[in-house]
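Please walk through this structure with the model open beside the text. The paragraphs go from the sheets to the aromatic pairs and then to an annotated site.

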Amino acid sequence: MSFSADDHRFMARAIELARKGRFTTSPNPNVGAVLVRHGQIVGEGYHHQAGGPHAEVVALRHAAELARDADCFVTLEPCSHYGRTPPCAEALIKAGVRRVVMAMQDPNPQVAGRGAALLKAAGIEVQSGLMIESARSLNPGFLSRMEQQRPFVRLKLAASLDGKTALNNGASQWITSKEARADVQLQRAQSCAVLSTAETVLRDDARLSVRPEQALSSISPLQDGHYRQPVRVVLDRRQRLTGKEALFALPGKLILVYPAGSKLSAPAGADVLYVPSLQREQFDLQVLMRELARQHINTLWVEAGARLAGSLLQAKLVDEFWLYQAPIILGHQARGLVAIAELTQLNEGIALSWQDIRQLGPDIRFIATLQS
């Protein structure tokens, strides 16, 4: 199927609009829509937040009567089911659009081709596949939850130049700069949940929340307050958290993960998720990820120590590896980056592929994916 240069231009605008919802739409996907009539944009919109109008509806309201006989460029297949909002496919049919160009089919089983079928049955021309890779990049978490039944996992670590995350006595604040920490706040704000361990919470008095005061610019997306606090998920195998820690006093959902079979209830202010264990007294992380997906968590930002990092990597549950590296050397006695079983051959190592490398203040941020 061929698309014109104008088709690409209008879809690129829809993708640009979709990105504006990245702090507020979860668990829904980021979606943008553009209505075009006689080569001119007459309406555009994006999905602002779950429970609010979808991108197509916002664009239709913007276009009003000019939507009739227009072309609609949308980053994801228009929905066909009644949820918290009516179906977008029906809204497009009622508005009298001529053609719908969608970047990709919706992987949600409730839609998955049904929206396109409704449009076609109404006599509307439907085309799909325009800039599909760019559209997929808008929603890695939503796609992972729908296609793999688990969240998209980003593992974040901060280390010295020699790969150390803390001194031998546990001191780690702060290895990286204020610029790196501000970037972490942006990533937390775009995540559905932050995962850590009771050990990290107790050692660092970690709150695992978004702190907009750490943003370094008045134009930071966090400054206008248009973001949501992520769900905080803490692995607490030995039920060490008492409810007196700072993270319990913050608003937002807090989930403590206890071993299956545990009879203890969580302290006030937290929910409990019971997860079975594997050998060596480790949670079954595969089960944990499935359970988090059932809680509608699309993207999971992990901030924890070497043991959990190693377990996630060896279980192949890390989609992106984020390393903030500071220009400081801490020495061989300091704590290492990742704890994995001893290797006997170099080809047994966990191979990564660089996706992005950039400087943040004095530090370097590396983003990598695991080689398949």
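What follows describes two sheets, the helices that lie on them, some ring pairs and a recorded binding site.

The model is a predicted one, in which local features need pLDDT of at least 70 and side-chain atom pairs count only at pLDDT 80 or more, while totals for chains, interfaces and linings use all residues. Numbering starts from 1 along each chain as its sequence is written, and side-chain values use heavy atoms, with hydrogens and water left out.

Helices (H or I, at least four residues) and strands (E, at least two) are DSSP runs numbered from the N terminus, and two strands pair if DSSP finds at least two bridges between them. An open sheet of five strands, with mixed pairing, runs in the order β2-β1-β3-β4-β5. Its edge strands, each pairing on one side only, are β2 and β5 (125-128), and the twist from one strand to the next averages 15 degrees. Within this sheet, β1 (residues 32-37) and β2 pair in the antiparallel sense over six bridges, and V34 has E44 in β2 as its bridge partner. Helix α1 (residues 5-18) lies across β1, β2, β3 and β4 (99-102), at about 145 degrees to β1; here axes are lines fitted to C-alpha atoms, for helices over the stretch in contact, and angles run from 0 to 180 degrees between N-to-C directions.

Nine strands make up another open sheet of mixed pairing, ordered β11-β10-β9-β8-β12-β6-β13-β16-β15. The edges are β11 (271-275) and β15 (352-360), each pairing on one side only, and neighbouring strands are turned by 25 degrees against each other on average, direction ignored. Strands β9 (residues 231-235) and β10 (residues 254-259) run parallel and are joined by four bridges, with V234 standing opposite L256 in β10. Helix α9 packs on this sheet, touching (heavy atoms within 4.5 Å) β6 (152-159), β8 (193-197), β9, β10, β11 and β12 (299-303), and its direction makes about 140 degrees with that of β11. In α9 (residues 285-294), the buried residues are L285, V287, L288, M289, L292 and A293, where buried means under 20% relative accessible area, exposed over 50%, and partly exposed in between (1.4 Å probe, protein chains only). After α9 comes H296, whose phi is positive, near 65 degrees.

The whole structure holds four aromatic pairs, counted where ring centres of Phe, Tyr and Trp (its six-membered ring) lie within 6.5 Å, with planes under 30 degrees apart taken as stacked, over 60 as edge-to-face and the rest as tilted. Y258 and Y274 form an edge-to-face pair, because their ring centres are 6.3 Å apart and their planes stand at 65 degrees. Since Y258 lies in β10 and Y274 in β11, this pair ties together parts that are 16 residues apart in sequence. Y258 counts as buried at 2% relative accessibility, whereas Y274, at 38%, counts as partly exposed. The pair of W354 and F366 is tilted, at 5.1 Å centre to centre and 40 degrees between the planes. W354, at 52% relative accessibility, counts as exposed, and F366 is buried, with a relative accessible area of 15%.

Finally, an unreviewed UniProt entry places a "binding site" at H54, C79 and C88. These residues span 35 residues in sequence, yet no two of their C-alpha atoms are more than 9.0 Å apart, so they gather at one spot. H54 sits in the loop between β2 (40-46) and α2 (55-63), and C79 in the loop between β3 (71-74) and α3 (88-95). C79 counts as buried, at 7% relative accessibility.

Note on methods
UniProt positions are given in the numbering used here, feature names are shortened, and annotations may be inferred rather than shown by experiment.
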